[in-house]
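Here are a few exercises on salt bridges and a pocket, each with a worked solution. Have a go before reading on.

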Amino acid sequence: MTRPPFAEFSSLAIRELTAWIGGNALWSERLSVVLGEHFLPAAGQAGLDRQEAWDALGEFTGQVFGGALEDLCTRRYEDPTQNVVGDFLKKRGLRLPPLAKSYLEALRDSVPGVYEAVAVQPGHGVTIRDLLIGGDPIDVIEVSGSRQIVQWDKLAARVVEHGGKRVFTGGVFPLATESSKAVIDELRAMLHGLADGAGVVAEAFRGELANVMREAAPMLGGLRIVQTLETLHRPLPKLINRDGDPYEFVEARYPVTPGDRRGVITRLDAEPGLQRTGARPAKWDWVAKASEHPSRASSAGEGYALDSHPDGDTGRVVLANVTLSGKQLELSVNSRRRLENTRALIEPLLTGLIGEAEVAIKSVEDAMAEKRDAPASPRRAVPKRVEREVTQRYLDFHYREWLDEKISALDGKSPRESARDFEGRERLVALLKELENREARRAKDTGVGYDALWLWRELGIEHLRH
């Protein structure tokens with residue numbers, strides 16, 4: 001779908017306004033002050049001075065500038081009484097098409113808001129709900145952004161009427177961090193206090209609400225900067241395996257003479273702990289019961305524990321992969337300790353049939369760097385259809401178990417128990433939305449996701465999914 005015709009006029013309006021401000025000393029200075037209100041607290045929080053933080057943002061500086069510009073467009077100054085949009089239209093408005101002028105007027109009267117994406121129509125628009133003041137969901141025309149937004153995303157944005165449609169202005173950004181939750185809670189508390197003291201005069205309440213949200217614009221702008229800096233400079237998470245060891249790509253390669261291949265295959269096939277998984281090349285997995293190898297990952301500190309399970313069976317764990325290809329036998333494991341254990345199994349088993357091992361160890365960081373630098377492969381190693389089927393089977397099993405697990409986010413209750421508890425349902429709904437949002441994001445990024453709608457039905461709370 002191409003951009004709506006009125007989108008060209010909004011872009012024209014912002015280009016003309018920005019150029020005009022650049023040649024006007026008063027408004028340039030005021031824009032600089034507003035930008036500082038958005039930017040300096042966030043830079044300080046990151047431990048950077050203004051120039052260091054600006055340089056760290058790189059290509060995202062345009063978004064930060066755009067947020068400050070939109071904030072400036074809504075401000076009224078008393079000495080003299082003026083607004084940048086009004087001043088610009090008075091002096092240059094005759095040069096603009098009507099739709100460009102109306103966009104600036106709508107932007108002038110806009111307020112920032114915090115929304116939840118209830119539904120997404122990629123390439124067309126999104127349906128959003130106001131998280132701060134509630135009300136019925138509304139449809140917003142948004143072509144490019146709707147290709148990036150997924151269901152249950154939380155967004156900070158301005159919504160205006162333009163060309164007979166509701167549209168986002170340019171400053172849409174996702175709220176995806178713990179600091180985002182804190183800001184949303186703070187805004188809710190501010191608006192709740194306002195409602196308590198506003199009486200029954202709805203018009204006055206709406207006016208005061210707009211003022212509060214306009215004053216909150218620098219806070220939301222600063223949140224955008226903090227979140228962007230965190231994303232750009234976030235260190236890789238600590239990855240560990242089931243044993244609590246640092247996750248690495250570890251391989252041992254043994255030379256095999258052609259005349260010994262049959263003997264190698266015969267001995268590996270006869271080993272009870274090895275499970276044949278392929279013929280050309282010949283492959284085996286060293287598989288053990290998970291109960292015989294209890295996870296020690298929880299004692300290894302913060303990090304993500306990664307395990308490999310055969311066919312998604314979480315009752316068993318793959319300790320190593322063994323591949324016989326050409327004149328080489330390769331052991332592949334995810335830690336140095338596992339390599340030692342695997343060698344202790346394989347080398348006595350194949351005495352006289354294999355040569356000396358050549359060991360290669362690669363960190364996750366090194367592997368990621370190589371992947372970034374490598375040319376794109378013309379073919380997928382695993383067909384997308386097979387990947388989807390394996391993912392579906394694994395996650396079906398995982399979420400069946402999850403329904404009865406005790407979860408800290410639910411005060412130590414299981415999802416089934418929380419569904420029966422009036423107070424626990426609110427936390428359960430939030431948790432299910434986070435789950436669906438994560439799977440929708442994964443589907444958009446990789447093409448392989450999971451439809452978790454059945455969980456709502458299983459728990460009997462589908463009516464709360466809105």
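**Exercise 1: a salt bridge between neighbours**

The side chains of R108 and D109 form a salt bridge with an N to O distance of 3.3 Å. A quick note before the task: this is a predicted model, where local features need pLDDT of at least 70, side-chain atom pairs count only at pLDDT 80 or more, and totals for chains, interfaces and linings use all residues. Residues are numbered from 1 along each chain as its sequence is written, and side-chain values use heavy atoms, with hydrogens and water left out.

Task: work out the exposure class of R108 and of D109.

Solution. Start with the rule for the contact: a side-chain nitrogen of Lys or Arg within 4 Å of a carboxyl oxygen of Asp or Glu. Then take the classes: buried is under 20% relative accessible area, exposed is over 50%, and partly exposed is in between (1.4 Å probe, protein chains only). R108 has 22%, so it's partly exposed. D109 has 41%, so it's partly exposed too.

**Exercise 2: a long-range pair**

Task: find what E248 pairs with, and say whether E248 is buried or exposed.

Solution. The partner is R336, with the closest N and O atoms 2.9 Å apart. Next, place the two: E248 is in strand β10 (residues 248-255) and R336 in helix α11 (residues 336-349), so the pair links distant parts of the chain, 88 residues apart. Here helices (H or I, at least four residues) and strands (E, at least two) are DSSP runs, numbered from the N terminus. Last, exposure: E248 is buried at 13% relative accessibility, while R336 is partly exposed at 47%.

**Exercise 3: counting and networks**

Task: how many salt bridges does the rule give, and which residues join E37 in a network?

Solution. The count is 24 salt bridges. D71 and R75 are linked with E37 in a network of them.

**Exercise 4: the second largest pocket**

Task: describe the lining of the second largest pocket.

Solution. A pocket, on a 1 Å grid over the protein atoms alone, is an open set of points where a 1.4 Å probe fits, with protein on both sides within 12 Å along at least five of seven lines; lining residues have an atom within 4 Å of a point. There are 21 of them, and V111, Y115, D130, I133 and L209 lie nearest the centre. β3 (112-121), β6 (154-162) and α8 (202-215) each give two or more residues, and α8 gives the most, with 5.
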